[in-house]
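Welcome! Take a look at the structure below, and then work through the exercises with a pencil in hand. Try each task yourself before you read its solution.

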Amino acid sequence: MTPPDASHNRWSDLDRPPLNATALRRGLLRPDTLWASLEVVESTGSTNTDLAERVRAGAAAEGTVLVAEEQTAGRGRLERSWTAPPRSGLFFSVYLEPGDIPVERWGWVPLLAGVAAATGLAKSAGVDMSLKWPNDLLLSVEGEERKTGGILGEFAGNGIVVGLGINVSLRADELPAPTAGSLALAGAVSTDRETLLRAVLRSMEHWYGAWKAADGDAAASGLQAAYAAGCATLDRTVRAELPGGASLVGEAVAIDGDGRLVLSTEDGLQQPVSAGDIVHLRGAAGGLT
């Protein structure tokens with residue numbers, strides 16, 4: 001008898017069991033919490049795309065969580081692709097409605113998700129995670145700084161969809177690039193994805209609640225200080241590759257009240273950057289990360 005195609009067997013990799021959606025709902029969905037619904041799908045192109053479509057169709061309320069065991073067309077910033085083997089990471093999106101908070105403060109929501117992911121994973125996986133402005137999650141693997149996660153926010157309906165992709169159990173030969181990493185390769189004490197997902201979502205609920213209670217004031221809520229404390233970009237010389245093709249080199253000296261990265265340039269000016277691709281410059285030879 002010919003065995004079934006292992007790629008279609010959800011238990012084909014016993015080190016990567018499927019998520020238990022019922023257990024996740026039981027642990028996260030309660031009347032007094034932010035999270036209103038949680039669905040786990042086997043495979044999809046992008047949880048952000050799917051959830052945004054549901055929001056625009058009026059089929060998703062605030063607190064909706066969509067999780068995929070596999071993403072085949074996951075998206076990062078600048079439309080970069082994000083792919084990983086099935087059940088090797090956390091691939092999920094949430095829908096949030098900041099309501100009366102001024103829209104100009106909504107840019108803090110993806111940064112908030114970064115703080116929530118970093119703090120939640122520090123507690124549940126025992127890893128020291130840092131943030132690369134604006135949306136990357138970094139870990140140390142064999143002494144090298146590696147990207148192990150990313151965050152993407154996009155407006156939808158009356159709110160914002162925030163997607164997170166986090167490499168959990170990827171092995172060295174599965175990494176998409178030499179600069180990538182995973183929780184497992186960083187020596188995480190736990191790679192149980194249900195434990196990790198619960199920790200990140202509870203942390204996100206905490207930070208989102210504090211931010212909303214402060215009317216979106218990142219300083220008053222403690223969010224600005226928390227982001228700065230965990231940001232690996234600060235106090236480094238960086239190159240900001242700006243929209244339109246221009247670039248700016250300077251020392252990253254602060255995260256301002258609007259969530260912008262402030263660069264101190266050679267001419268003595270302090271230049272806030274609201275959008276761009278950041279390259280960490282290091283060493284006399286100008287090594288890049």
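## Warm-up: the whole chain

In this predicted model, residues 24 or more positions apart account for 63% of the contacts in the chain with a separation of 6 or more.

**Exercise 1.** Find how many helices and strands the chain has, and what share of its residues is buried.

*Solution.*
- Step 1: Go through the secondary structure, and you will arrive at 5 helices and 15 strands.
- Step 2: Turn to burial, where a residue counts as buried under 20% relative accessible area. Of the 289 residues in the chain, 50% are buried.
- Step 3: Look at the outside. The chain exposes about 13,300 Å², and carbon and sulfur atoms supply 50% of that area.

## The sheet

**Exercise 2.** Work out the strand order of the open sheet of 7 strands, and name its edge strands.

*Solution.*
- Step 1: Walk across the sheet from one side to the other. The order reads β1-β2-β5-β9-β8-β7-β6, and the pairing is mixed.
- Step 2: Look for strands that pair on one side only; these edge strands are β1 (37-41) and β6 (130-132).
- Step 3: Follow the twist, which averages 20° from one strand to the next.
- Step 4: Check some directions. β1 and β2 (residues 64-68) run parallel and are joined by 5 bridges, with L38 opposite V65 of β2. In contrast, β5 and β9 pair in the antiparallel sense over 8 bridges; there, V94 has V162 in β9 as its bridge partner.

**Exercise 3.** Decide whether strand β9 is enclosed or open to the outside, and describe its surroundings.

*Solution.*
- Step 1: Check the burial of β9. Because 9 of its 9 residues are buried, β9 is largely enclosed by the rest of the structure.
- Step 2: Find its other sheet neighbour. β8 runs antiparallel to β9, with 8 bridges joining the two, and L152 stands opposite G163 in β9.
- Step 3: Inspect the hairpin of β8 and β9. There are 2 residues between the strands, and G157 takes a positive phi near 60°.
- Step 4: Look for a helix. Helix α3 (residues 108-125) packs on the sheet and touches β5 (89-96), β6, β7 (136-141), β8 (144-156) and β9 (159-167). The direction of α3 makes about 35° with that of β9.

## A helix with a buried face

**Exercise 4.** Which residues of helix α1 (residues 21-28) are buried, and how are they arranged around its axis?

*Solution.*
- Step 1: List the buried residues: A21, A23, L24, G27 and L28.
- Step 2: Look down the axis of α1. The buried residues fall within an arc of 160°, so they line one face of the helix.
- Step 3: Recall the general rule: an α-helix has 3.6 residues a turn, so residues three or four places apart point the same way.
- Step 4: Ask what lies over the buried residues of α1; the cover includes β1 and α4 (193-213).
- Step 5: Finish at the N-terminal end of α1, which N20 caps: a side-chain oxygen lies 3.1 Å from the backbone nitrogen of T22.

## A buried glutamate

**Exercise 5.** Locate E69 and find the polar partners of its side chain.

*Solution.*
- Step 1: Look in the loop between β2 and β3 (74-75), where E69 is found.
- Step 2: Compare its relative accessible area of 2% with the cut-off of under 20%. E69 is buried.
- Step 3: Trace its side chain, which reaches the backbone nitrogen of L19 at 2.7 Å. The E69 side chain also makes a polar contact with the side chain of R193 (2.8 Å).
- Step 4: Leave aside neighbours within four places in sequence and list further contacts of E69; among them are P18, V40, P86 and F91.

Definitions and conventions:
Residues are numbered from 1 along each chain as its sequence is written. This is a predicted model: local features need pLDDT of at least 70, side-chain atom pairs count only at pLDDT 80 or more; totals for chains, interfaces and linings use all residues. Side-chain values use heavy atoms; hydrogens and water are left out. Two strands pair if DSSP finds at least two bridges between them. Helices (H or I, at least four residues) and strands (E, at least two) are DSSP runs, numbered from the N terminus. Axes are lines fitted to C-alpha atoms, for helices over the stretch in contact, and angles run from 0 to 180 degrees between N-to-C directions. Contact means heavy atoms within 4.5 Å. Buried means under 20% relative accessible area, exposed over 50%, partly exposed in between (1.4 Å probe, protein chains only). The arc is that of the directions from the helix axis to the C-beta atoms. A polar contact is a pair of N or O atoms within 3.5 Å; within protein, one must be able to donate a hydrogen and the other to accept it, and residues adjacent in sequence count only if both atoms are side-chain atoms. Accessible areas come from the Shrake-Rupley method with a 1.4 Å probe; for residues, only the protein chains shown count as cover.
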